[in-house]
Amino acid sequence: MMTDSGGSTAVIDSTGLDALISVLAGRGRTVIGPTVRDGAIVLAEISSGHELPYGWGVELEAGYYRLRAREDGAAFANSAGPQSWKTFLHPQRVREWSAERGADGDFTVTEDTTSPPSYAFFGVRPCDLRAIAVQDRVLTGGQFTDPAYRGRRERAFLVAVECTEPGATCFCASMDAGPAAGPGYDLVLTEVLDDEGHRFLARAGSAEGESVLAELPRRPADDTTRAAAHERVTDAAGRMGRTMPAVDLHVLMRDTLAAERWNDVASRCLTCGNCTMVCPTCFCTTVEDITDLSGDHAERWRRWESCFDLEFTHLQSGPVRASQRSRYRQWATHKLGTWYDQFGSSGCVGCGRCIVWCPVGIDITEEAHALNNERAASASESAAFDEEPS
């Protein structure tokens, strides 16, 4: 449900959006937001509200993504694109240190201390807002923290946008990750387009959010706009294109490790790792060392890794998970099940990216329903067997 903080709520229009970007840039932040580029709505640096995807929506299905023109001129009536904010908070490649060999043959190792950028993320969907919270827990919430991630995260300003038009592959409502924005934002916008005009209900979620909102051209929030915003978000919850089975997914994954369904999905899976690359919560990395031709300069880089990679679990005797079945099962059971054991929550936020960007259209919600059906059928057969007279 949407929250209201009284004086920290206002109504802005498209001029206010443009001013918001200017105010954030004026505070020294690099503004990253959705914009149309290369046939998709991507996340990139923007300097003006005119770069937002006004009048563009998307058509989504398993293994399918297309832009489509809208007649209403909405700015945020589109679903998650191929990128997530992980691209900026937990980049694909980060240099960890470099080393130089001097004339005496000794190496001097220098840790990379590049100052983290100060980002303003503009247009963070509720599912991605939850994903950022999940990565916060993974990368900064335990005994060991990732200083590179923490530096970026602490300097980030989040402008969330509540979802009013879910896509055909969205299931955030099943994961309790939307369409209303949860905690963690500095500002949140809800887009309203009706006979009263095109406007945005803006609410502050932090002291800095209040300060930024105070600098924008705005008017007091009226009851009509509040009600319309609430109605659109509530309606979106009932129009999700996908659902997860209404069961304890943690238990489901635990109980179906030997299910026949894993063989079915393994016959289709290419183990390409696309699902892990587009997932906003996957966090696995590896390191690679490089040198120049002289051998006098070396660097260590950390980069994304995928549990679908055959080398991901390679030991002296070979990979631990050599089959497609074992690797897909590892990913799905971790995402939906054992993530709870490690971090106390699901690793899935229902954004649907893994469905859209799978080249063979594997649908994690379809697989979860199939596993649940197989478990139910097996339990029914066992019960019938137990009832047979001996």
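Q: A charge sits over a ring if NZ of Lys or CZ of Arg is within 6 Å of the ring centre and within 35 degrees of the ring normal. With that in mind, which residue lies over the face of Trp-301?

A: That's Arg-93, and its distance from the ring centre is 4.3 Å. Keep in mind that this is a predicted model.

Q: What sits over the ring of Trp-304?

A: There you'll find the charged end of Lys-86, 4.5 Å from the centre of the ring.

Q: How many aromatic pairs does a search of the whole structure find?

A: The search turns up 15. Take Trp-85 and Phe-88, whose ring centres are 6.3 Å apart with 40° between the planes, so the pair is tilted. Ring pairs also tie these two to Tyr-119 and Phe-121, making a cluster of the four.

Q: Is Trp-85 buried or exposed? And what about Phe-88?

A: The cut-off to use is a relative accessible area under 20% for buried. Trp-85 has 3%, so it's buried. Phe-88 comes in at 12%, so it's buried too.

Q: On to the strands. What is the order of the eight strands in the open sheet?

A: Reading across, it goes 3-2-8-9-10-11-1-12, and the pairing is mixed. Strand 3 (40-45) and strand 12 (219-220) are the edges, each pairing on one side only. Inside the sheet, strand 8 (residues 119-124) runs parallel to strand 9 (residues 157-161), with four bridges between them. One residue match to look for is Phe-122, whose bridge partner in strand 9 is Val-159.

Q: Which strands does helix 5 touch as it packs on the sheet?

A: Helix 5 (residues 207-214) touches strand 1 (9-12), strand 9, strand 10 (187-194) and strand 11 (197-204). Its direction makes about 145° with that of strand 11.

Q: What is the order of the open sheet of four strands?

A: That one reads 7-6-14-13, with antiparallel pairing. Strand 7 (107-111) and strand 13 (285-291) each have a single partner strand, so one side of each has no neighbour in the sheet. From one strand to the next, the twist averages 20°. Strand 6 (residues 93-101) pairs with strand 7 in the antiparallel sense over five bridges, and Ala-99 stands opposite Val-109 of strand 7.

Q: Where does pLDDT stay under 50?

A: Over residues 1-7, for which the model has 14 contacts beyond four places in sequence. Where pLDDT is low, don't read the predicted coordinates in detail. For the protein as a whole, pLDDT averages 94, and 96% of the residues score at least 70.

How values were computed:
Residues are numbered from 1 along each chain as its sequence is written. This is a predicted model: local features need pLDDT of at least 70, side-chain atom pairs count only at pLDDT 80 or more; totals for chains, interfaces and linings use all residues. Side-chain values use heavy atoms; hydrogens and water are left out. Rings of Phe, Tyr and Trp (its six-membered ring) pair if their centres lie within 6.5 Å; planes under 30 degrees apart count as stacked, over 60 as edge-to-face and the rest as tilted. Buried means under 20% relative accessible area, exposed over 50%, partly exposed in between (1.4 Å probe, protein chains only). pLDDT is the predictor's confidence in each residue, from 0 to 100. Contact means heavy atoms within 4.5 Å. Two strands pair if DSSP finds at least two bridges between them. Helices (H or I, at least four residues) and strands (E, at least two) are DSSP runs, numbered from the N terminus. Axes are lines fitted to C-alpha atoms, for helices over the stretch in contact, and angles run from 0 to 180 degrees between N-to-C directions.
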